[in-house]
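User: I am new to this structure and would like to know how the labels used for it are earned. Could you take me through them?

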Amino acid sequence: MIKVNRRKFGQWISLIGAGVGLAAILDRKNIFSPSTATAIIPPQPPQNSSFPPRQSFSFETVTLDPSGFVIERNSRSAEYYSETLAGLEMIAIPAGTFIMGTPDGEKGDFTGSDKPQRLVKVNSFYLSKYPITQKQWQIVANLPKINRDLNPNPSHFQGDNLPVDSISWYDAIEFCDRLARATGRNYRLPSEAQWEYACRAGTTTPFYFGATLTSEFANYYAIKFPYAVERESEFRAKTTPVGSFPPNAFGLYDLHGSLYEWCADPWHRNYNNAPNDDQVWPADPNSTGNRYRILRGGGWGTELRECRSASRGQFGPDNRYSVLGFRIASS
């Protein structure tokens, strides 16, 4: 898990400017973890007359070996609908089951927060193809307020096609609420189970690319702390335009690295007594962790083990840092 204050984060940014990554600065005892097994069931994604007609698109996925070299390429297709108001492409995620959590022996599990593993059933839903961009954020931030004001230009790194960063959990909820009111569709943050299922896209490896990554395939702190036996590669120290790297088998982009992504769930310290479905896991009334919210996917300044499909983190819902962003779901 991650617990930081603004002063400490400012120190991190200074160190990053000197060439030191977030992963070298965070307290390793309190960070993240990984995951495994998935079986996708073919049933059609959501069919709801309130959604625009679906379209299809084609793409290529790649699989990497432990050295970070491509060993397989596959042509795939997926369906989506366009939310024209905000320029969103919402990918249809099919129903299925998967094993959520980290298997014994997978590298990078320091806290046990993503154990024990369990079989989870996921209903069909839609998930945004990319993290929300700054252009999309600006459009929705200018819609009428529901519960809180939104800064139309909050990001540390600037660019219309860059993911919007420095977004709190509360900000992300307001974004979803405004877009839902304007369109009549149920926009929300994904549950943690939905996020991991969508990220894995049927894979059981630490990353949807396979055994490891290099900076050719994701944006993270790639100059130290190798995950497998991959070569050292580029540390960009900033966000990259959405869609810069190959997608997973569902046609989703940028789920490893770039920005940590908020999920709807409150923090639970492990998966003991976790539900076996895709719903948001309610807060534990006996836990102080309820004040934190789940983060997934790792960021531009974190080492590779924190970018794995099952890696979990937490922040306070009002925190805004340049490593925090989100994508949205609907059903």
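Analyst: Happily; below we take salt bridges, burial, the sheet, the cores and the cavities in turn. Please keep in mind that this is a predicted model.

User: What makes the contact between Glu 79 and Arg 54 a salt bridge?

Analyst: Their side chains come together with N to O at 2.7 Å. A salt bridge asks for a Lys or Arg side-chain nitrogen within 4 Å of an Asp or Glu carboxyl oxygen, so this pair qualifies. The structure holds 19 salt bridges.

User: Why is this pair said to tie together separate parts of the chain?

Analyst: Glu 79 belongs to strand β3 (residues 70-83), while Arg 54 sits in the loop between β1 (38-40) and β2 (55-64), so the bridge joins parts that are 25 residues apart in sequence.

User: Are these two residues buried or exposed, and how do you know?

Analyst: Neither word fits. Glu 79 has a relative accessible area of 33%, and Arg 54 has 21%. Buried needs under 20% and exposed over 50%, so values in between are called partly exposed.

User: What makes Arg 308 and Glu 106 count as buried?

Analyst: Arg 308 is at 0% relative accessibility and Glu 106 is at 13%. The limit for buried is under 20%, so both labels hold. These two also form a salt bridge, with their closest N and O atoms 3.5 Å apart. The pair links distant parts of the chain: Arg 308 is in the loop between β10 (293-296) and β11, and Glu 106 is in the loop between β5 (96-100) and β6 (118-122), 202 residues apart.

User: How do you know that Arg 305 and Glu 303 are buried?

Analyst: By the same kind of check. Arg 305 has 6% relative accessibility and counts as buried, as does Glu 303 at 5%. Arg 305 and Glu 303 form a salt bridge as well, their closest N and O atoms being 2.8 Å apart.

User: Which residues are linked in a network of salt bridges?

Analyst: Glu 192, Glu 196, Arg 200, Arg 296 and Arg 312 are.

User: Why are β11 and β12 said to stand at the edges of their sheet?

Analyst: The sheet is open, with four strands in the order β11-β10-β9-β12 and mixed pairing. β11 (312-315) and β12 (324-325) each have a single partner strand, so one side of each has no neighbour in the sheet.

User: What makes β9 and β12 a pair?

Analyst: Strand β9 (residues 260-266) meets β12 in the parallel sense over two bridges. Pairing takes at least two bridges, so the requirement is met. In this pairing, Tyr 260 stands opposite Leu 324 of β12.

User: Which residues touch the most other members of the largest nonpolar core?

Analyst: Ile 93, Phe 125, Leu 213 and Leu 252 do, in a core of 43 residues. Elements giving two or more residues to this core include β2, β3 and α4 (192-200), and α4 gives the most, with five residues. A second, separate core has 39 residues, among them Phe 157 and Trp 300.

User: How many cavities of 30 Å³ or more are there, and what lines the largest?

Analyst: There are three, and the largest holds about 60 Å³ of space. Its lining includes Met 100, Arg 118, Glu 192 and Trp 281. By class, the lining divides into five nonpolar, one polar and four charged residues.

Note on methods. Residues numbered from 1 in each chain as written. Predicted model: local features only at pLDDT ≥ 70, side-chain atom pairs only at ≥ 80, totals over all residues. Heavy atoms only, no water. 1 Å grid on protein atoms, 1.4 Å probe; cavity = no way out; pocket = protein on both sides within 12 Å on 5 of 7 lines; lining within 4 Å. Points joined across faces, edges and corners; volume = space filled by probe spheres on them. Nonpolar A, V, L, I, M, F, W, Y, C, P; charged D, E, K, R; others polar. Buried < 20%, exposed > 50% of the residue type's maximum accessible area, 1.4 Å probe, protein only. Core = buried A, V, L, I, M, F, W, Y, C linked by side-chain atoms within 4.5 Å.
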